[in-house]
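Before terms such as buried, exposed or in contact are used for a model, it is worth asking what entitles one to use them. Please look through the entry below with that in mind.

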Amino acid sequence: MTTDLNFIYRIQHLEQTLGYAFQDISLLQQALTHRSYGTRHNERLEFLGDSILGMIIAKELYAQFPESPEGELTRMRSVLVRETTLAQLAREFKIGDCLLLGPGELKSGGSRRDSLLADAVESIIGAAFIDCNEQFEIVRHLVLRWFHDRLQAINPNVSQKDPKSTLQELLQSKHKKLPTYRIDNIVGSDNNQIFEVSVTVEDIKQIFRGKGSSRRRAEQKAATAVLEYLSEKGLS
């Protein structure tokens, strides 16, 4: 556990924001530690938290929408647990102020990056599960408090499709060719890569780009850029 008083103050404040007081504060520190900072990092906690979060949200949607088929439930769950949603939650909790990052990640603005923020949320869930001696109900109530407003707002009658699927269906409805995605660059180490992707669309000269910690995430961001362009031009 670091003895940096400023960091200790920040994570104590974070505990209040999260609504959970850790018995073992070192678990919270580990959940906030990126692999670039040290060997005791948050990747295993992220793996655990991702599974726990998915199960909690799936069960809540199952109970909340008893008439919804599996496909609708899956789409709603995907919206609630996707990277952008978790990053928004992290920003509300100001988790970025507490991340422990190596010099390279600090310099590149890692504390503001969606992928790192989303990973930290999942890691905190995993850490809390271990900290409370695997009392699932404690973690379930905690997560449902965090997601309360989003669960109230989710609607099975509103399209939950991801940007790539939305763009593909839009182009197909206009009898256009499917978009062409291309990986332009991959930067970083094997365990900390950033993908740079471009996408081209028939009859549009402009090239749209996206970056992400995986090819899929980068393509989704590129597709979002296309959708925003089409909306601005009144072509959607």
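The turns below take up this predicted model, beginning with the whole chain and going on to single residues.

Q: What makes the radius of gyration of the chain agree with that of a compact globule?
A: For 236 residues a compact globule would have a radius of gyration near 18 Å, and the chain has 20 Å, which agrees. The C-alpha atoms, taken along the principal axes, fill a box of roughly 60 × 45 × 25 Å.

Q: Which elements make up the chain, and in what order do they run?
A: The chain has 11 helices and three strands. From the N terminus on, ten α elements are followed by β-β-β and then by a closing α.

Q: How much of the chain counts as buried, and how much of the surface belongs to carbon and sulfur atoms?
A: Of the 236 residues, 44% count as buried, a word that stands for a relative accessible area under 20%. The accessible surface comes to about 13,300 Å², and 49% of this belongs to carbon and sulfur atoms.

Q: What share of the contacts in the chain with a separation of 6 or more comes from residues 24 or more positions apart?
A: Such pairs account for 55% of those contacts.

Q: How far apart are the mean positions of the positive and negative charges of the chain?
A: The chain carries 30 positive and 31 negative charges, and their mean positions are 6 Å apart.

Q: Why is Leu 28 called buried?
A: Leu 28 has a relative accessibility of 0%, and because the limit for buried is under 20%, this residue of helix α2 (residues 25-31) counts as buried. Neighbours within four places in sequence left aside, Leu 28 is in contact with Ile 11, Leu 14, Glu 15, Phe 22 and Ile 124. The C-alpha atoms of Leu 28 and Asn 42, which are 14 residues apart along the chain, are separated by 9.4 Å.

Q: Why does Glu 105 count as buried, and what makes its approach to Arg 113 a polar contact?
A: Glu 105 lies in helix α6 (residues 103-107), and its relative accessibility of 6% is set against a limit of under 20%, so that Glu 105 counts as buried. The side chains of Glu 105 and Arg 113 make a polar contact at 2.9 Å, a value to be set against the requirement of N or O atoms within 3.5 Å.

Q: Why is Asp 114 called buried, and which residues is it in contact with?
A: Asp 114 is placed in helix α7 (residues 114-131); with 16% relative accessibility against a limit of under 20%, Asp 114 counts as buried. Apart from neighbours within four places in sequence, Asp 114 is in contact with Glu 83, Thr 84, Ala 87, Arg 91 and Lys 221. Helix α5 (residues 83-93) has among its buried residues Glu 83 and Ala 87.

Q: Why does Phe 129 count as buried, and which residues is it in contact with?
A: Phe 129, also in helix α7, has a relative accessible area of 15%, and it is therefore buried by the criterion of under 20%. Its contacts, again without neighbours within four places in sequence, are Leu 48, Ile 52, Glu 134, Gln 135, Phe 136 and Val 139. The C-alpha atoms of Phe 129 and His 148, 19 residues apart along the chain, are separated by 19 Å.

Q: Which residues of α8 are buried, and which helices do they pack against?
A: Val 139, Leu 142, Val 143, Leu 144 and Trp 146 are buried in α8. The buried residues of α8 pack against α1 (5-18), α3 (43-64), α5, α7 and α9 (148-153).

Q: Why are Asn 133 and Glu 134 called exposed?
A: The term exposed requires a relative accessible area over 50%; Asn 133 has 58% and is therefore exposed, and Glu 134, with 55%, is exposed as well. Asn 133 is placed in the loop between α7 and α8 (136-146), and Glu 134 is in the loop between α7 and α8 too.

Q: What makes the phi of Asn 133 and of Glu 134 worth noting?
A: Most residues other than glycine have a negative phi. Asn 133, however, has a positive phi of about 60° although it is not a glycine, and phi of Glu 134 is likewise positive, near 60°. Lys 94, just after α5, also takes a positive phi of about 60°.

Note on methods. Residues numbered from 1 in each chain as written. Predicted model: local features only at pLDDT ≥ 70, side-chain atom pairs only at ≥ 80, totals over all residues. Heavy atoms only, no water. Helix = DSSP H or I, 4+ residues; strand = E, 2+ residues; numbered from the N terminus. Rg over C-alpha atoms; globule rule 2.2 N^0.38 Å. Buried < 20%, exposed > 50% of the residue type's maximum accessible area, 1.4 Å probe, protein only. Contact = heavy atoms within 4.5 Å. Areas by Shrake-Rupley, 256 points an atom, 1.4 Å probe, with all protein chains shown as cover. Lys, Arg positive; Asp, Glu negative; His and termini not counted. Charge placed at Lys NZ, Arg CZ, Asp CG, Glu CD. Polar contact = N/O pair within 3.5 Å; in protein donor to acceptor, adjacent residues only side chain to side chain.
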